[in-house]
Structures are given as structure tokens and as C-alpha cells.
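Work through the exercises below with the coordinates open. Try each task before reading its solution.

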Amino acid sequence: MKKIVFIFSILSLAMLASCMKTDNYPEPDATFSGNVTDSVTGKPFLTGQGEAHIRIWEVSYKENPTPQDIPVKQDGSFNDTKLFSATYDMQPYGGAFWPTQRQSAIALHTSLQKDFKVVPYLYVVDVNSQLVDTTLFLTCRLKAPVTENLPRVLDIRPFVSLTQFVGAGSRIDEYALDKYKIDVNNNWWDGVGDMTTGEGTTTYNLPALPLKPGRTFYVRIGVRVEDTYRQYNYSDIVKIQVP
Amino acid sequence: MKTIKYLLLIGTMMFTISSCHKLTLEPKGILDDAALLGNATGVETYLAGVYMNLPIEDFSYYVDQGFKNGNNDWDASKSWLMSVDGEAVGWPGGIDGAGGFGYWPYDQIRRINTMIENFPNYKSDYSGDSYNAFLGEAHFLRAFYYFALVKRYGGVPIIESVQSPTADPTTLAVPRSTELDVYKFIQSDLQFAMDNMAATSEPGRANKFVAAALMSRAMLYAATIARYGSYTASSPDQAAKAGYVGIPANEAANFFTASYDAANFFDTQNGGYELVGENAADKEQNYVDLFLNDNSKENILIKQYSTTSNLFYHSYDGSVSPAGDFSDWPGSEVYPSLESVELFQRLPIENTDGTPRRFDNRNQLLQGLEPRLLATVYLSGMTLRGTAFDIRRGFYRTYNGTMADAQDGVSSAPINATSNRTIATSRYQTDPALGGGAVAGKHGMWGGVENNTLTGFFIRKYVNYKASQVQAAGNSSYQSWIVFRYAEVLLNKAEAAYELGKKQEAYDLIARIRNRAGATVWTPKGAPAAIYVINGQTVDENLQFIRDERGRELMFENHRWWDLRRWRVADKVLNQAKLHGLMPYLVLDQNKYIFIREYNTDGKTYTFDVRYYYEPIPAGEINKNPSLIQNPIY
């Protein structure tokens with residue numbers, strides 16, 4: 001009896017062993033990194049976590065391949081360490097910037113550092129924050145690097161978070177309510193700003209934000225235009241310490 | 001011994017020689033073309049399989065999983081279209097499933113093509129019109145499949161003959177046709193069906209008026225996409241450049257005319273369909289019964305379920321009313337939004353000075369509401385299966401302020417401070433201020449999607465009030481799904497007529513619909529203001545009212561999602577939208593009820609991306625057929 005059990009256990013082990021297959025393909029080991037910068041100011045493009053992408057097509061694999069999207073970080077940098085060494089088409093994609101050209105046939109061999117330049121739709125400038133007791137008052141103005149054919153400006157909204165990773169994907173929902181936003185809903189040339197200088201005409205006073213005492217908040221202001229992706233152009237992050 | 005030898009010899013010879021007989025007989029276990037296409041019963045059997053898989057968005061349609069064939073789909077209500085298009089709030093956490101579920105029914109289209117190709121060989125077996133009727137039915141069914149494809153993807157490959165698996169692979173990889181060509185193909189198939197089919201049919205099967213109903217719907221879709229869609233051949237996107245998405249604007253008028261003519265077909269050919277109950281005394285009851293009567297003269301095509309076969313059933317009654325008092329299981333999962341309710345009329349819950357109106361009891365709100373609204377939605381105080389709906393969010397100790405002071409119900413509003421307002425966070429929560437009574441009503445609302453309302457409303461349309469509480473359970477509902485009804489044809493006609501400039505005719509049709517609904521008389525504006533400007537085209541107040549009438553009349557019938565898409569307003573209507581509910585509160589110091597407009601208790605945000613105007617071509621199909629070009633922005 002013991003023998004039979006023994007034989008069967010050996011046999012089943014042997015059978016299971018046949019389930020193992022060695023993957024004989026090399027793993028993706030190429031690294032692709034870089035920065036998305038604002039071609040007007042030369043500074044990093046300000047966005048939120050994953051609110052803009054670098055879209056790549058592995059054209060050496062086949063014609064018309066399915067694209068892959070590499071998310072861009074808050075400071076405009078991106079990094080993907082698990083790609084195949086191959087030839088790619090690349091394009092900054094899906095963010096709050098003017099449409100970009102697809103750059104073809106870029107060779108990625110083991111590692112590639114490449115920067116992309118984009119033109120943001122809008123800047124949030126002259127951000128002024130004033131804390132009265134525990135209430136935060138924010139003012140800002142808009143500026144457009146390119147005014148011709150700028151899509152309609154939709155709304156301006158504050159983003160508040162307890163961490164420095166503040167943006168549309170990381171915020172305290174209470175402050176995302178509609179009562180804290182300003183609806184602009186107008187074209188740039190219908191009084192929002194100047195067509196030649198690109199300066200916004202209005203200084204916007206955002207609705208007062210009641211904060212909780214004893215905490216540190218990270219706050220930034222975002223503005224959207226009515227393009228395909230409707231992502232936000234952000235101001236710099238302001239750190240607010242509520243006493 | 002010798003005998004055995006002979007016997008064996010004879011036996012072997014019998015076997016071996018008999019094998020010389022050639023087996024050229026047709027196998028009896030397989031139904032071939034002649035058996036299926038050579039007689040009426042055979043064709044009906046053949047087409048039954050096609051009907052079975054017909055893409056009808058019924059009670060068991062999942063946004064993210066697609067069509068089911070009436071089996072154990074009790075959780076379909078967690079993925080209904082109405083809970084992603086803003087009509088109602090349910091499980092989906094926003095616009096889930098807008099990317100589709102990879103629908104690609106070319107196997108079904110091949111079945112129809114096989115029939116269309118081989119049927120002429122058996123023409124002599126049929127007498128009179130029955131041959132034409134069957135051929136017309138096949139064309140109708142093919143158009144139905146292509147319409148389900150084109151409204152999702154835009155242009156798709158048109159396959160109108162049976163492909164041979166041994167053909168040259170390059171000829172099998174058919175590229176997409178333009179969106180315009182697919183709609184024209186649907187138009188020609190349906191025209192053939194309308195010309196050849198009979199005027200009547202048994203319930204559940206098509207006739208020439210069913211084809212006309214699909215024609216009026218499909219052509220309206222094509223026309224609005226042509227007028228309001230923004231993709232043209234000069235768009236930078238590959239798929240738009242090739243015309244796979246987008247229809248040239250100059251085709252809009254043709255398609256509107258085609259839709260209008262198809263609706264007119266009902267009059268010129270004496271369809272015998274009616275807007276049921278235009279003179280009914282009880283408009284509310286008439287409208288309720290409309291959806292529960294298989295023999296109604298308003299039904300153009302229904303999809304039946306069967307109590308006898310134990311194969312075809314759905315779970316509607318168990319999924320829209322809360323378990324316990326009204327249903328058995330799974331319990332209610334989806335609730336009409338206040339936005340839907342106030343599409344009918346602004347509810348009289350405010351005084352002129354902005355303060356919430358005081359009610360002695362919650363039933364008072366029901367007085368004077370549009371009968372059609374009451375037949376579509378259950379409000380607190382209405383009765384189903386012998387029990388009244390009891391809905392309450394909580395209580396205010398006192399309410400000195402306006403509706404706006406409640407600030408959509410957020411807890412940071414001063415009037416909503418916990419010292420003044422108490423809301424239920426669990427089902428059996430009690431409070432000393434109520435003498436130990438329950439804070440919430442019996443059927444809501446204490447948060448959480450199941451079995452208590454998120455919005456203060458429950459769905460009434462299609463609810464089979466004659467079923468008992470035990471019968472109202474998962475997998476045991478059998479009311480038919482109405483695929484086309486005459487009211488939709490009239491609404492199609494009204495929209496097409498208005499877009500074609502026949503405004504008075506559109507107004508008259510809307511007046512008919514509203515009269516049957518028991519609604520107030522609408523006076524169109526002489527100088528209507530613009531509501532939207534889409535693709536350079538103005539949508540004025542009167543057109544918006546006609547569209548809203550469609551939203552009211554066809555609410556919860558799986559039209560809204562597709563309508564918002566084809567009007568190209570979905571990204572405006574569902575732009576970071578947070579849906580509201582109507583929350584009944586008891587005001588303690590006055591012992592009266594007030595109703596507050598608030599965010600629904602689930603607090604989701606709905607945002608429609610521009611890319612959702614087309615679903616992505618399934619990646620698996622692109623892998624198989626590299627000539628398929630993906631839709632924009634995917």
C-alpha cells in the first residue's frame with residue numbers, strides 16, 4: 001500500500017513537472033525616460049499624475065500596432081523600464097496641451113532619454129493665496145501662449161490635498177464640489193483675454209475654501225479648455241499650513 | 001465444425017461484399033439547405049436562431065458584457081444603460097462600459113447571408129408572396145445587426161455574401177466601409193424589407209412595419225450624426241480622414257427625409273398601430289398598462305419571454321423594487337435621478353421666497369404631477385403590491401432658511417450641522433428625538449446601493465404590479481420587452497420634421513404624445529433661444545423640447561444613451577455631472593415634511609469623454625484583420 005502511494009506521488013509530481021515551460025523569449029529590458037517641457041518657457045510641463053501620456057507605437061513589430069501609453073508624472077517626467085528594444089513612433093498625447101506631431105521611427109536600444117516639447121493651452125498665473133483664520137482665499141489670472149483658435153475655456157477649479165501629489169486624480173473630494181469652481185464657459189476672444197498679448201483680462205476670486213486647523217494642505221488651481229481630453233492646466237503647488 | 005466454417009465464410013462474405021455498397025445517401029441527422037430553406041417550417045427554424053441572437057437591448061443587456069439570451073442574468077441591473085447615461089443612479093461608478101464589450105456578430109451575419117444567397121434556389125417551393133416575405137425578413141434582420149454595429153463603431157466592413165474559408169486571405173481581410181456607406185446599406189436592406197414583407201406577423205417576428213420602424217430610427221441616427229458630428233475628411237485622424245467615422249453634413253437632409261418617410265409609411269400603408277389611450281380616463285393607469293400588454297396596438301415588435309419553456313426569463317421586477325415589502329431578490333439596484341424626474345416638470349417643492357414648501361404628509365407632493373411621470377417613477381407615498389413606499393432621509397430639528405441653504409445636502413452647510421440635521425447612516429438607526437423611532441423610511445435612505453433608494457425615487461415603468469412579492473424575484477419576470485413602439489415612431493417623425501423645417505407638424509405630433517401622457521399643453525416659443533451650438537449648428541429651445549419629450553416618453557427604454565451620443569451633447573450633459581436626488585425630511589419643530597434637492601447618497605461623478613462617441617474596434621479583430629483602422633483617440 002505504501003509503495004502504491006509512493007509511486008503515485010512520484011508519478012503525479014512527474015506529470016505536474018511537465019506543466020512547466022521555460023519562456024525562451026528575452027524579457028523587456030529597455031528603459032525609456034525623459035521629460036515633457038513647455039516649449040514656450042522651457043520649464044517642465046505641469047500636470048497631474050497620469051493626466052498626460054507619451055503614446056508609443058512599436059512599428060518594428062508590425063504595421064498599425066496597438067499603441068501603449070506611458071503616463072507622465074506631475075513634474076513632467078516619465079520613465080518606463082519594461083519596454084522591448086525596438087523602433088517606436090512617439091507622441092505626447094492626451095494632456096492639456098496643443099496637439100503634437102507623431103515622431104516616427106525612433107530607435108530604442110537598451111535605454112533612451114528623450115525630451116518632448118509641448119505648448120500648454122493656458123497658464124494659471126498671479127496665484128495669490130490668503131489664509132484668514134482657517135479660510136483660504138485664492139485669486140488667479142489666466143494667460144494663453146497661443147490665442148488663435150484656442151478652444152473655449154470651460155472652468156477654473158481649486159485642487160486640495162494633504163499630500164504634495166495634488167491634481168485631478170488626487171484631491172479631497174469635498175473641495176471638488178461645483179460650488180468651489182468658477183464657470184468661464186467662454187471663448188478667449190469673447191472677453192476672457194487679450195488676443196495679441198495672451199494676457200487674461202479677469203482676476204478670478206475663487207470661492208472661499210474652509211480648511212481644517214492644524215494641518216498642512218497642498219493647493220493648486222487648474223483650468224480646462226474644451227478640447228478632446230479636457231485635462232487641467234495647473235498652477236504651481238502652494239503649501240498652506242493652517243495654524 | 002464444418003457448419004461453423006461455412007457459417008463464418010458466409011458471414012464474412014456478407015460483410016465484405018455489402019461494403020461495396022456506396023454510402024452516397026444524405027446523412028439523416030443533419031439538416032441541409034433543402035430541409036431548412038425548401039419549406040416554410042424550415043426557414044422559420046433557421047431564422048429563429050437569428051432572432052435568438054438579435055442585438056436587442058432588453059432587460060438583460062449589460063453595458064459592459066452585452067446581450068444575453070434570457071437566462072441566469074439576475075445581476076444585469078448592476079450594468080444597465082440607464083445607470084451610466086444619467087437617467088438613473090446604480091452600481092456603475094460613472095460612465096463604465098462606454099468602451100463597449102467587443103461586439104462583432106459576423107457569425108450571425110454569415111447565417112443571414114447564407115440564406116440570402118441560397119434561398120433563390122428554392123423559389124419554386126413557395127407560392128405567392130411567402131418567398132418574398134421570407135427574403136425581406138432576412139434583409140430586415142441583416143439591417144438590424146448592421147445597425148447595432150454602426151451605432152457603436154461607425155463604419156464597419158460590409159459583408160453581403162458568404163465568404164469561403166479557403167479563399168485568398170487578402171480577400172478575407174475586408175477593410176471598414178465608411179459610416180455613410182454602412183447607413184446606406186442598412187437603408188437599402190430595409191427598403192427591400194418594406195417592399196417585400198407582409199403587413200402583419202405573429203408577435204415577436206418582423207413585418208414591413210417593423211422594418212419601417214427600424215428605418216425611421218436608423219435614418220434619424222445617421223441624419224443627426226451628419227448634422228452634429230464633427231469628424232470630416234479633413235480631420236487629422238486616420239479613421240476620420242477615411243470616412244470610417246463621420247458622415248458628410250450635406251447628407252443630413254437626405255437621412256432626415258428618409259426617417260420622416262419611413263414614419264409616414266405607417267399612415268400611407270394603414271399600419272393599424274395606435275397611440276394607445278389618447279382618450280383614456282385614467283392616463284396614469286393607461287400608461288402603466290402600456291408596457292405590460294403584449295397585444296397592445298402600440299407594440300410594433302416585442303421580445304417575448306416564456307413562463308412555460310423555463311428558458312426565457314429576466315429579473316426586472318426583482319431588480320427595481322426593494323426586497324422585503326415589494327420583491328424577493330436580488331432587490332432594487334437602480335434609482336431614477338432627480339434630473340430625470342425634473343425633465344417632466346419642476347417639482348412644486350419651493351415657495352416663491354425660496355424656502356422649502358411644508359407638507360403635512362409626503363403624499364401631498366403627488367397632487368398635480370404629470371400622469372406619465374407618476375407612471376414612470378414611484379415617489380414616496382405611492383403604493384405597489386399593497387404597500388406604500390416610505391422614503392425619508394432623516395430630520396431637521398428646525399429649518400429656517402431657503403432651499404439653497406442646504407447646499408445640495410453637503411455636511412459643511414451650517415443648516416446641516418449635526419446639531420440640527422440627523423441623517424440615517426444605517427437601516428435601523430433610531431433617535432431619541434423621534435421617541436426612539438427610525439430615522440430613515442422603510443425603503444430608504446441610509447446610503448448604499450441595494451434595497452434603499454439613492455435618490456428618493458424608484459422605477460415604475462415596466463414593473464408588473466400584478467405579480468406578488470414572491471413572484472417579483474430574480475429570474476422569474478416574463479413581461480415582454482418592447483423593441484419598437486408607435487410612440488417612438490411619432491417622436492422620430494417629430495424630430496425629423498423639425499429638422500427639415502416642418503415645424504408645425506412636429507408641434508402637432510408632440511401635442512399628441514403629450515395629450516396621451518396627460519401632460520400640460522406645450523406652447524412652442526416664437527423666437528426660441530439657442531441651447532447648444534454643436535458643430536456650428538444651433539439647437540434651439542423648441543428642438544430641445546422635442547428632444548426632451550423623447551427623453552420623457554422613452555425613459556428607461558435604453559434610448560437615452562444612444563440619443564445623447566448621436567446628438568453629440570453627451571460630453572456637455574455628462575460633464576463632471578453629479579446627479580441629484582429628492583430627499584424627504586421631517587422638520588421636528590413644525591411636524592411637517594420638506595423635500596430638499598441634494599446630491600444622491602452615492603455621490604458619483606459622470607464624465608463622458610469625447611472619444612466615447614465611437615466605441616473602439618475590438619483589438620482582437622484588428623489583430624486578425626490588420627486592414628481595420630482604429631477609431632479616433634483610442
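The exercises go from the overall form of one chain to single residues and their partners. The model is predicted.

**Exercise 1. Overall form of chain A**

Task: Decide whether chain A is spread out or compact, using its radius of gyration and the globule rule.

Solution:
- Start with the secondary structure: chain A holds 17 strands and two helices.
- Chain A has 243 residues, for which the globule rule gives 18 Å.
- The radius of gyration of chain A is 25 Å, well over that value, so the chain is more spread out than a compact globule.
- Now take the box along the principal axes: the C-alpha atoms fill roughly 90 × 50 × 25 Å.

**Exercise 2. Burial, contacts and charge in chain A**

Task: State what share of chain A is buried, and how far apart its charge centres lie.

Solution:
- Buried residues make up 43% of the 243 in chain A.
- The exposed area of chain A is about 13,100 Å², with 54% of it from carbon and sulfur atoms.
- Take the contacts between residues at least 6 apart in sequence: 67% of them join residues at least 24 apart.
- Count the charges: chain A carries 26 negative and 24 positive side chains. The centres of these two sets are 8 Å apart.

**Exercise 3. Three salt bridges**

Task: For each of three salt bridges, give the N to O distance and classify both partners as buried, partly exposed or exposed.

Solution:
- The count over all chains is 57 salt bridges.
- In chain A, A:Lys181 pairs with A:Asp183 at 3.3 Å. A:Lys181 has 17% relative accessibility, so it is buried. A:Asp183 reaches 48%, so it is partly exposed.
- In chain B, B:Arg217 meets B:Glu488 at 2.8 Å. B:Arg217 belongs to helix α8 (residues 208-228) and B:Glu488 to helix α15 (residues 486-499), so the bridge ties together parts 271 residues apart in sequence. B:Arg217 is buried at 10%. B:Glu488 is buried at 2%.
- The third pair is B:Lys624 with B:Glu621, at 3.3 Å between the closest N and O atoms. Both sit in helix α20 (residues 619-624), three residues or about one turn apart. B:Lys624 is exposed at 63%, whereas B:Glu621 is buried at 17%.

**Exercise 4. A salt-bridge network**

Task: Name residues of chain B that are linked in a network of salt bridges.

Solution:
- On the acidic side, the network includes B:Glu298, B:Glu370, B:Glu549, B:Glu553 and B:Glu557.
- On the basic side, its members include B:Lys461, B:Arg372, B:Arg485, B:Arg514, B:Arg516 and B:Arg552.

**Exercise 5. Two residues and their surroundings**

Task: Locate A:Thr47 and B:Lys578, then list what each one touches.

Solution:
- A:Thr47 sits in the loop joining β1 (30-38) to β2 (53-58) of chain A.
- Its relative accessible area is 2%; under 20% counts as buried, so A:Thr47 is buried.
- Leave out residues up to four places away in sequence. A:Thr47 then touches A:Ala52, A:Val72, A:Lys73, A:Gln74, A:Arg220 and A:Tyr234.
- B:Lys578 belongs to strand β15 (residues 577-578) of chain B.
- Apply the same filter of four places. The contacts of B:Lys578 are A:Leu177, B:Glu339, B:Tyr599, B:Gly603, B:Lys604 and B:Thr605.
- Finish with a distance: from B:Lys578 to B:Met197 is 47 Å, C-alpha to C-alpha, with their positions 381 residues apart in sequence.

Definitions and conventions:
Residues are numbered from 1 along each chain as its sequence is written. Chains are lettered from A and ligands numbered from 1 in the order in which they are written. This is a predicted model: local features need pLDDT of at least 70, side-chain atom pairs count only at pLDDT 80 or more; totals for chains, interfaces and linings use all residues. Side-chain values use heavy atoms; hydrogens and water are left out. Helices (H or I, at least four residues) and strands (E, at least two) are DSSP runs, numbered from the N terminus. The radius of gyration is taken over C-alpha atoms; the globule rule is 2.2 Å times the number of residues to the power 0.38. Buried means under 20% relative accessible area, exposed over 50%, partly exposed in between (1.4 Å probe, protein chains only). Contact means heavy atoms within 4.5 Å. Accessible areas come from the Shrake-Rupley method with a 1.4 Å probe; for residues, only the protein chains shown count as cover. Lys and Arg count as positive and Asp and Glu as negative; His and the chain ends are not counted. The place of a charge is taken as NZ of Lys, CZ of Arg, CG of Asp or CD of Glu. A salt bridge is a side-chain nitrogen of Lys or Arg within 4 Å of a carboxyl oxygen of Asp or Glu.
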